[in-house]
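Let's take a walk through a protein fold together. Have the sequence and the 3D view open while you read.

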Amino acid sequence: MSDGKGRVLVVGGGAAGMMAAVMAARNGKTVRLLEKNDRLGRKLFITGKGRCNLTNAADTEDLFRAVVSNPKFLYSSFYSFTNEQTIRFFEDLHVKTKVERGGRVFPRSDHSSDVIRALEREMSRLGVEVSLLSEVKKITVKDGRAAGVELSAGERIPGSSVIVATGGISYPSTGSTGDGYRFAGESGHTVTELYPALVPMEVREPFAGELMGLSLRNAGIRITDGKKKLYEEFGEMLFTHYGVSGPVILSASSIVGKRLRDRELTLHIDLKPALTGEQLDRRLLREFEANHNRQFKNAVDGLFPAKLRPVMVELSGILPEKKVNEITKEERQNFVRLIKDFTMTLTGLRGYSEAIITKGGVSVKEIDPGTMESKLVEGLYFAGEVLDLDALTGGYNLQIAWSTGYLAGISAQ
Ligand SMILES: Cc1cc2nc3c(=O)[nH]c(=O)nc-3n(C[C@H](O)[C@H](O)[C@H](O)COP(=O)(O)OP(=O)(O)OC[C@H]3O[C@@H](n4cnc5c(N)ncnc54)[C@H](O)[C@@H]3O)c2cc1C
């Protein structure tokens with residue numbers, strides 16, 4: 001085995017790498033997995049707030065709709081290793097699962113560590129050699145073929161195939177520092193433009209800071225560039241010291257992020273999405289009639305959470321001390337418009353350290369979608385987030401890692 005014949009080397013012990021190692025070993029290969037951290041699956045450990053939303057129970061066909069970049073490329077991998085197979089795979093490894101809101105699948109224990117331990121146990125059962133604290137510095141390519149890897153510590157390890165599963169560059173503290181992009185570039189591959197995605201956004205207006213900590217459970221969100229609507233959705237959002245976050249905002253960032261890097265966009269929030277303008281106007285009338293002798297600033301308690309009240313009063317243009325019964329119809333209607341279209345200026349994305357995923361990566365044009373093998377270098381495979389693939393939240397990004405890891409694992413010779 002000193003020439004590495006028949007030995008599959010997997011670079012990166014995250015979701016995609018561990019799945020690839022299991023599948024290559026089940027396929028009868030000798031497998032060595034190289035992970036630079038002192039333990040496996042550090043990012044996997046923090047997924048789903050430590051609970052690991054490992055896939056989504058949607059119809060397999062619906063998975064593609066949640067993929068933002070290159071969904072067509074995933075056709076073979078999603079159908080070779082579906083979300084149902086992912087669930088069965090983990091159930092067979094004694095990780096009982098449950099389905100929550102929006103089809104999100106979690107381990108029944110609510111512990112991501114159970115997912116990691118199951119993969120570790122399976123690799124151990126199959127005889128995968130796991131080398132921790134083993135940072136790969138270079139992929140060796142000879143005569144257009146992957147021939148092995150070189151570790152930062154100097155060791156050269158020969159192999160007949162190399163699977164690069166080094167992840168993206170978001171949350172770099174987990175070990176995903178973008179090394180795979182360098183390996184890809186050095187072996188002649190194109191790496192598309194990278195930027196953070198599923199990431200909070202910054203807001204210009206100082207009042208956003210006053211709302212820090214406020215969470216809106218069911219807000220209507222619209223993001224526009226001038227008159228052009230870029231994104232519209234309902235959901236939960238959160239105000240932070242720099243701007244906005246929360247599920248609906250993170251999803252929006254994946255769609256509008258590229259444009260937001262070039263120019264500012266407008267965020268429109270409908271604070272009462274369940275009511276039409278007329279219904280809201282009638283509600284305001286009722287609220288004002290019940291409080292008709294109070295000052296405006298003291299008559300909005302029933303309408304908004306406490307943090308939002310002073311901001312809405314200030315933005316309304318109505319004098320805070322004005323008696324409610326003196327508010328004109330026009331003022332009230334302007335207030336309705338403000339509640340239905342509370343706007344602020346989005347100035348940019350937060351950085352990689354706060355991004356759930358990296359958008360961009362190894363160009364899928366140079367990868368065989370049926371095997372994950374490079375079209376440029378024989379025996380070199382890419383799997384997981386290192387590829388130019390990304391999806392919305394809901395377990396879809398891990399499904400990409402499992403499915404592409406699966407294909408690379410069973411294909412590597
Ligand atoms: C906070 C957070 C929460 C998330 N929650 C979810 C969720 O609930 N559901 C979901 O579907 N997705 C979630 N994601 C996204 C998901 O974690 C990633 O899409 C997924 O982990 C990608 O898997 P991967 O194997 O490609 O990369 P990673 O999991 O990043 O693994 C890459 C591994 O490669 C190792 N490595 C890197 N370079 C080298 C090198 N040179 N030599 C050796 N080893 C190396 C790294 O140390 C790392 O262990 C979340 C992400 C974050 C940051």
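Which residue follows H11, and what is its phi? H11 is followed by Gly-317, and the phi of Gly-317 is positive, near 80°. Keep in mind that this is a predicted model.

## What H11 leans on

Now look at helix H11 itself, residues 308–316. Its buried residues are Leu-308, Val-311, Met-312, Val-313 and Ser-316. They pack against two helices, H8 (207–210) and H12 (329–340), and two strands, S14 (215–225) and S18 (342–349).

## Two cores

In soluble globular proteins, nonpolar side chains tend to be buried together. Here, the largest nonpolar core has 77 residues, and Leu-44, Val-149 and Trp-402 touch the most other members. Helix H1 (residues 15–26) gives this core its largest share, 10 residues. There's also a second, separate core of 50 residues, with Val-300, Leu-303, Ile-327 and Leu-338 among them.

Zoom in on Trp-402. Setting aside neighbours within four places in sequence, its contacts include Ala-15, Met-19, Leu-44, Phe-81 and Val-115. Trp-402 falls within helix H13, which covers residues 396–411. H13 reaches 22 Å from its first C-alpha to its last, close to the 22 Å expected at 1.5 Å a residue. Most of H13 is covered, too: 14 of its 16 residues are buried.

## A run of hairpins

Next up are three strands, starting with S8 (136–142) and S9 (145–151). S8 and S9 run antiparallel and are joined by 6 bridges; Thr-140 stands opposite Gly-148 in S9. The two strands form a hairpin with 2 residues between them.

S9 also pairs with strand S10 (residues 156–158), again in the antiparallel sense, over 3 bridges. One partnership to find is Glu-150 with Arg-156 in S10. This hairpin has 4 residues between its strands, and Gly-154 in the turn has a positive phi of about 110°. S9 is largely enclosed by the rest of the structure, because 5 of its 7 residues are buried.

## Two unusual phi angles

Most residues other than glycine have a negative phi. Asp-143 and Cys-52 go the other way: phi is near 50° for Asp-143 and near 60° for Cys-52.

Are these two buried or exposed? Cys-52, in the loop between helix H2 (42–46) and strand S3 (55–56), counts as buried because its relative accessibility is 0%. Asp-143, in the turn between S8 and S9, is exposed, with a relative accessible area of 82%.

Technical notes
Residues numbered from 1 in each chain as written. Predicted model: local features only at pLDDT ≥ 70, side-chain atom pairs only at ≥ 80, totals over all residues. Heavy atoms only, no water. Expected span 1.5 Å × (residues − 1). Buried < 20%, exposed > 50% of the residue type's maximum accessible area, 1.4 Å probe, protein only. Core = buried A, V, L, I, M, F, W, Y, C linked by side-chain atoms within 4.5 Å. Contact = heavy atoms within 4.5 Å. Pairing = 2+ DSSP bridges.
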